[in-house]
2 protein chains.
Amino acid sequence: MGAGDIGGVMGDLSPGGAMAPWRSPLSRALHRNRSRPESRYFQLATVGLDGWPCNRTVVFRGFYPGGDRLMVATDTRSAKAQAYPDRPAAEVCWYFAKTREQFRLRGTLTLVTGEADEGNPAGQQRQALWQTLSDGARLQFLWPTPAQPRAPETAFTPSPPDPLIPPLTFALLLITVTEADHLELRGSPQNRWHYHQVGNQWQGMAINP
Amino acid sequence: MGAGDIGGVMGDLSPGGAMAPWRSPLSRALHRNRSRPESRYFQLATVGLDGWPCNRTVVFRGFYPGGDRLMVATDTRSAKAQAYPDRPAAEVCWYFAKTREQFRLRGTLTLVTGEADEGNPAGQQRQALWQTLSDGARLQFLWPTPAQPRAPETAFTPSPPDPLIPPLTFALLLITVTEADHLELRGSPQNRWHYHQVGNQWQGMAINP
């Protein structure tokens with residue numbers, strides 16, 4: 001979790017089609033928990049190159065316009081970006097403390113780096129996300145390489161990067177969700193739903209908590 | 001996250017030896033965030049039998065007496081318990097919202113089921129943990145099989161289980177930590193430490209955030 005600032009959140013609707021059915025309860029949870037900044041953080045699990053699970057807190061940056069893909073800002077030097085080409089499988093765990101509910105979102109990652117053509121929509125979205133970050137969040141992408149032995153303090157005070165053009169260390173990470181699990185701990189018995197895709201259609205069902 | 005009740009927390013010290021060095025900042029975080037019940041929840045990532053990462057919220061039940069292993073209560077019918085014999089690798093992600101710090105704890109799982117001899121310490125600890133659960137949390141271990149199609153409401157009102165003797169569905173899950181990563185988001189630049197074991201000794205170092 002490099003960047004603590006949640007910045008602006010992109011469009012929340014899919015103009016081109018129906019939203020996935022887990023989007024509605026997720027939007028409700030985000031709304032009901034909005035008094036807590038950490039309700040926009042979730043835990044992203046992937047598998048490392050050594051086969052070991054990896055788990056870290058990241059900041060939700062909204063949905064990619066026109067669909068249900070979650071957006072996250074990441075550093076191309078991070079372990080998740082390094083492992084991504086070989087290990088795109090992911091599971092989000094998103095717990096909302098105020099309303100006591102959990103979403104587990106299974107899916108695959110797509111990393112949009114500076115190699116993306118600025119003319120293509122994903123490359124444009126990467127730039128747009130960069131422009132919504134705070135100055136402090138942007139500066140982190142010029143810090144010394146994450147997880148290396150601690151560099152001297154002077155290495156953490158670079159000249160501010162261009163607020164319009166992201167550096168090569170900045171990437172947009174997209175999570176394409178293929179399965180979702182929603183658990184409400186409130187109530188007895190608890191409520192739980194499972195959503196999965198069959199072809200292009202989502203199917204949902206109530207399951208045991 | 002079946003059981004919402006955090007119950008009693010077991011002994012927090014290692015009478016027989018030195019605590020791992022990440023225990024002290026973790027204890028401090030637990031103390032400073034104690035006003036929030038969810039500070040005792042963390043996200044546990046494992047790898048499923050299909051190789052996909054799995055991620056869910058669980059409740060911290062304290063440290064196994066005399067060491068640094070984290071304790072979690074789990075249902076033997078859950079996916080993590082089913083996958084455990086083949087996939088014991090795990091990574092905990094534990095975010096503390098009030099103090100804005102994150103612990104990532106990498107380690108291996110040990111599942112203590114009803115097959116553990118009641119005469120052995122782990123079997124006794126399983127019983128002891130069962131006895132600290134609330135009536136409501138205990139009842140969940142008699143509910144219908146998790147993640148199956150929703151059973152009728154009457155299936156969720158079984159006779160209360162014995163408060164002293166756990167049912168076979170109840171297991172104690174231990175996490176033996178071999179690496180730890182502690183990130184403090186407060187402050188600029190942020191602070192981050194990495195701890196790992198070399199032989200029987202822990203080594204810690206400051207790393208770049």
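Analyst: A polar contact is a pair of N or O atoms within 3.5 Å; within protein, one must be able to donate a hydrogen and the other to accept it, and residues adjacent in sequence count only if both atoms are side-chain atoms. This is a predicted model: local features need pLDDT of at least 70, side-chain atom pairs count only at pLDDT 80 or more, totals for chains, interfaces and linings use all residues, and side-chain values use heavy atoms, without hydrogens and water. Residues are numbered from 1 along each chain as written, while chains are lettered from A and ligands numbered from 1 in written order.

User: Which side chain of chain B makes a polar contact with the side chain of Thr57(A)?

Analyst: Thr57(A) sits in strand E2 (residues 53–59) of chain A; strands are DSSP runs of at least two E residues, helices of at least four H or I, numbered from the N terminus. Within chain A, its side chain pairs with that of Gln43(A) at 3.0 Å. Across to chain B, at 2.7 Å, the partner is Gln102(B).

User: Is Thr57(A) buried or exposed?

Analyst: Buried means under 20% relative accessible area, exposed over 50%, partly exposed in between (1.4 Å probe, protein chains only). Thr57(A) has 0%, so the residue is buried.

User: How far does helix H3 of chain B reach from its first C-alpha to its last?

Analyst: H3(B) covers residues 121–132, 12 residues in total. The expected span is 1.5 Å times one less than the number of residues, here 16 Å. The model comes close to that, at 17 Å.

User: Which residue has a side-chain oxygen that reaches the backbone nitrogen of Ala122(B)?

Analyst: Ala122(B) is one of the buried residues of H3(B), which also include Leu129(B) and Trp130(B). The cover over them includes strands E3 (70–75), E5 (101–112) and E6 (170–184) and helix H4 (135–139) of chain B. At the start of H3(B), the oxygen within 3.0 Å of that nitrogen belongs to Asn120(B).

User: How many disulfides are there over all chains?

Analyst: A disulfide is a pair of cysteine sulfur atoms within 2.5 Å. The sulfur of Cys54(A) is 11 Å from its closest cysteine sulfur, in Cys93(B), so they are too far apart for a bond. Cys93(B) has its closest cysteine sulfur in Cys93(A), at 9.6 Å, again too far. The count is zero.

User: What turn lays chain B on chain A?

Analyst: Superposition is by least squares on C-alpha atoms of residues with pLDDT of at least 70 in both copies. The RMSD is 0.0 Å, with a shift of 0.0 Å along the axis and a turn of 180°. That is the relation of a two-fold axis, and the turn is 180°.

How values were computed: Contact means heavy atoms within 4.5 Å.
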